[in-house]
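User: I have a structure open and would like to learn how to read some of its features. Could you walk me through it?

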Amino acid sequence: MPIIRRIFSRRTLIYAAGGTLASTGALYWHLSSGPAYPLSTLETRRPPPSWTPPSRKEMLDSLKASSKGAEEEFDLLIVGGGATGAGIAVDAVSRGLKVALVERDDFGAGTSSKSTKLVHGGVRYLQKAVFELDYDQWKLVKEALHERRIFLQTAPYLSAMLPIMLPIYKYWQVPYYWAGCKLYDILAGRENMESSYIMSKGKALEAFPMLKSNGLVGALVYYDGQHNDSRMNIALIMTAVKLGATVANYCEVTALNKSHGGRLDGARVKDALTGQEWNIRTKGVINATGPFTDSLLSMDDPSHKPIVRASSGVHITLPNYYSPRRMGLLDPATSDGRVIFFLPWEGNTIAGTTDTRAPVERDPRASEEDIRWVLEEIRRYLSPDIRVRRGDVLSAWSGLRPLVKNVDADGKGTQGLVRSHMVTVSKTGLVTVAGGKWTTYRKMAEEGVDEAIKVFALENKVKSGCVTEGLRLVGSDGWNRNMFIGLIQRYGLATDVAKHLSRNYGDRAWTVCTLAEGTGEDWPIHGQRLSSSYPYIEAEVRYAIRHEYAQTAIDVLARRTRLAFLNAQAALHALPRVVDIMSDELGWSRAERNKQVRAALLYLDTMGLVPGDIVPDKESLKKREKERKELIGGVFRELKPKGLVERLEREVGKIAASIWGIFSARGASLVHDGSTSFSLASYGISDVSLSMKAAYGRARFGAGEVVALKSAFIKRAKPSVGGDGLEDQQPFVDITQVVDVMHEVPGYEEVKEKDLRYVLEENGMVGKQTVDFDEFLEICGNVKEIALAPVMTAGKKDRLRIPVEKSGGGV
């Protein structure tokens, strides 16, 4: 009886009730957290009404009209059409201001299209906040997690949550990583996506079978967001346009205009496509030019001291078999102290990134050294039965992070700021928003517009405060996760094409489909592909021109579609068809078409189409120029002839090629063994017939390469001696001399001992003291696959050890 009284006592019942309430609350919190995909605001299965934005000509006319009178004057002129500039335009126009935006290149042409594609709070920033008791870093992570949630809500079709695995190879790391990720979850609160969790070794290998199993203890999985950065940039631009903003790409600010009092009251701009110049009149100017921030600040004040240091972040794209489709991977401790991400994206796998001090330039190139560094880091955590080959790199790109520094009043040095971005105002009234990252673009825009309203006295112009937390971007209202099924049922699209259109255009995918042409097949009925391996269709090219201000072939291949980022070679093969479609839409002349082809080849060159040197010497430059001419000629041959003259020239060219082929057996053709040859005489290129061997082709060895390898081998070889004391027929070299033998053959000068060790382990040859020629040839072929690179004529780069708080971009 006393026991029963004790069990059912008032205190026990209070404890039980409290525990039950706490458990219920925790369960409710857990169930109510997560992505909570927003529902469509249109309760209908019918496509939403089509919307056609004003043409670029109308936009330019509006810009020109601003200088004719005060009633046409803009409230704000935003310089820069990347994430920050586009975000500022959306924020300002949604408050009721009259906004203009100009961009020197295409929208998102720079850093904003070359990110890691993550929408993250910064799990590494949290580590610094805890270990250094840094409250400002804590607030930074808290703000980024809040912005992450908003990001995924405002454009749900362009962003989604992604589980990311941290492999664990030491037992003491289990509680360390678990505590850090749980703190990350708690800090997000109800805005958390999903709770992190621990996986056993078996479950980790089941989820990520490519992972190295030797020494693996387990893994921890946490959640962050992922998005399509340049498509997000375009969605922001088109949202601003729909709300009433005036925007123009390929319009460069050549001068800043000032009033008699020295305050900015406009800018002079130049249309890069036509060469026309005019003035834009505005009450205020906002500098949102990212890595080029100092250029505009110097235009405003020639004595300006730089505040931005560019850091190159290199990423590479690999085939989709390198990672699972719905699981990323984070290596928290690379050889130089940074983290490296390994993420599925748009059907392929991207890996990066690096931090290397770099000059500010428009189209930075991913250096061969950086590409090889990323590959070496990948090998450290992938299973040894996966051969990580240089030839698997489908594309490579370099994005410039605008790392901002704060020059003190005495100008004696720099002092790192805690915030990820900064907003400053010059003496002439130029508002500059610099630094930051994609995740916090909206917060940066809000703070930039708040400052501009105060500086330019626009309080009476605004209709409301910032509304972008709940403002959904173009394409979101009629979208839901199952919309792709309606696209298939109505237009007869392939499933992967329908899913791609739904993910990248939202409810505007219906408009894209109205432009789709028939395939001529039983199924799919509509959707001619630009590349057989990817879901991009020709209708997207027409849509990009009519609805998204695409002006060049690269606008389409790199930023409206992402083909150049996914596979540079596939983009090259799609280039002729893209130029043909754009020529039909925009009325390009033959000269303009040729110009577009050449410009596209130059761009694809920076995307890994032709491997680049660190510092090319004259011979390398000549070789690269020759290869570029060959590629241009090949693309020209694929272009559809326009008009009678071009048709006649094409027929004459075919006849000439046939005659030449009879006599030389080198007729112009496009073959499928990794080489490409073209007849270029009709395009003003002197070589009658040239041949280019792709650097990473299907054949292991080029013509004459085996002979050169054998010659170098024979020089170092020793005759083997059999048991009877007589010399055998098979000579050999010591394993310690293999690398030296390779170095004697052109193209193998940069092979390193670690490359040889990797190949020996991979082929089960560890412990061998000597190799014969067949084994030597096998080693050379494998080394080429994993480590082939152009001759490097400069010393090793100075790789920055970026502190944790600076590693995500910004300050």
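**Reading a buried lysine, a helix and some odd backbone**

Analyst: Sure, and keep in mind that this is a predicted model. Let's start with Lys114, which sits in the loop between β2 (99–103) and β3 (118–119).

User: Is Lys114 buried or exposed, and what is the nearest side chain of opposite charge?

Analyst: Lys114 is buried, and it has no salt bridge. The nearest side chain of opposite charge belongs to Asp363, 4.1 Å away. The cut-off for a salt bridge is 4 Å between the side-chain nitrogen and a carboxyl oxygen, so a pair at 4.1 Å doesn't count.

User: Which residues is Lys114 in contact with, leaving aside its neighbours within four places in sequence?

Analyst: Among them are Asp229, His315, Asp363, Trp397, Phe565 and Tyr603.

User: Okay, helices next. How do I read one?

Analyst: An α-helix has 3.6 residues a turn, so residues three or four places apart point the same way. Now take α6, residues 135–154. At 1.5 Å a residue, its 20 residues should span 28 Å, and the end C-alpha atoms are 29 Å apart, so the two agree.

User: Which residues of α6 are buried?

Analyst: The buried ones include Leu140, Val141, Ala144, Leu145 and Leu152, along with charged residues such as Glu147, Arg148 and Arg149.

User: And the nonpolar cores?

Analyst: The largest has 69 residues, and Val247, Leu487 and Leu501 have the most contacts inside it. Helix α9 (residues 229–242) gives the most to this core, with eight residues. A second, separate core of 61 residues includes Val141, Leu187, Trp397 and Leu601. You've met two of those names already: Val141 is one of the buried residues of α6, and Trp397 is in contact with Lys114.

User: What about unusual backbone geometry?

Analyst: Most residues other than glycine have a negative phi, and most peptide bonds are trans. Here, Tyr250 has a positive phi of about 55° although it is not a glycine, and Ala457 also has a positive phi of about 55°. Tyr250 lies in the loop between β7 (246–249) and β8 (251–258), while Ala457 lies in the loop between α12 (441–455) and α13 (483–491).

User: Why does Tyr250 count as buried, and why does Ala457 count as exposed?

Analyst: Tyr250 counts as buried because its relative accessibility is 11%; Ala457 counts as exposed because its value is 55%.

User: Where are the cis peptide bonds?

Analyst: One joins Trp523 and Pro524, with omega about -5°. Another joins Gly352 and Thr353, with omega about 25°; Thr353 is in the loop between β14 (348–352) and β15 (356–357).

Definitions and conventions. Residues are numbered from 1 along each chain as its sequence is written. This is a predicted model: local features need pLDDT of at least 70, side-chain atom pairs count only at pLDDT 80 or more; totals for chains, interfaces and linings use all residues. Side-chain values use heavy atoms; hydrogens and water are left out. A nonpolar core is a set of buried Ala, Val, Leu, Ile, Met, Phe, Trp, Tyr and Cys residues joined through side-chain atoms within 4.5 Å. Buried means under 20% relative accessible area, exposed over 50%, partly exposed in between (1.4 Å probe, protein chains only). Helices (H or I, at least four residues) and strands (E, at least two) are DSSP runs, numbered from the N terminus. The expected span of a helix is 1.5 Å times one less than its number of residues. Lys and Arg count as positive and Asp and Glu as negative; His and the chain ends are not counted. Contact means heavy atoms within 4.5 Å.
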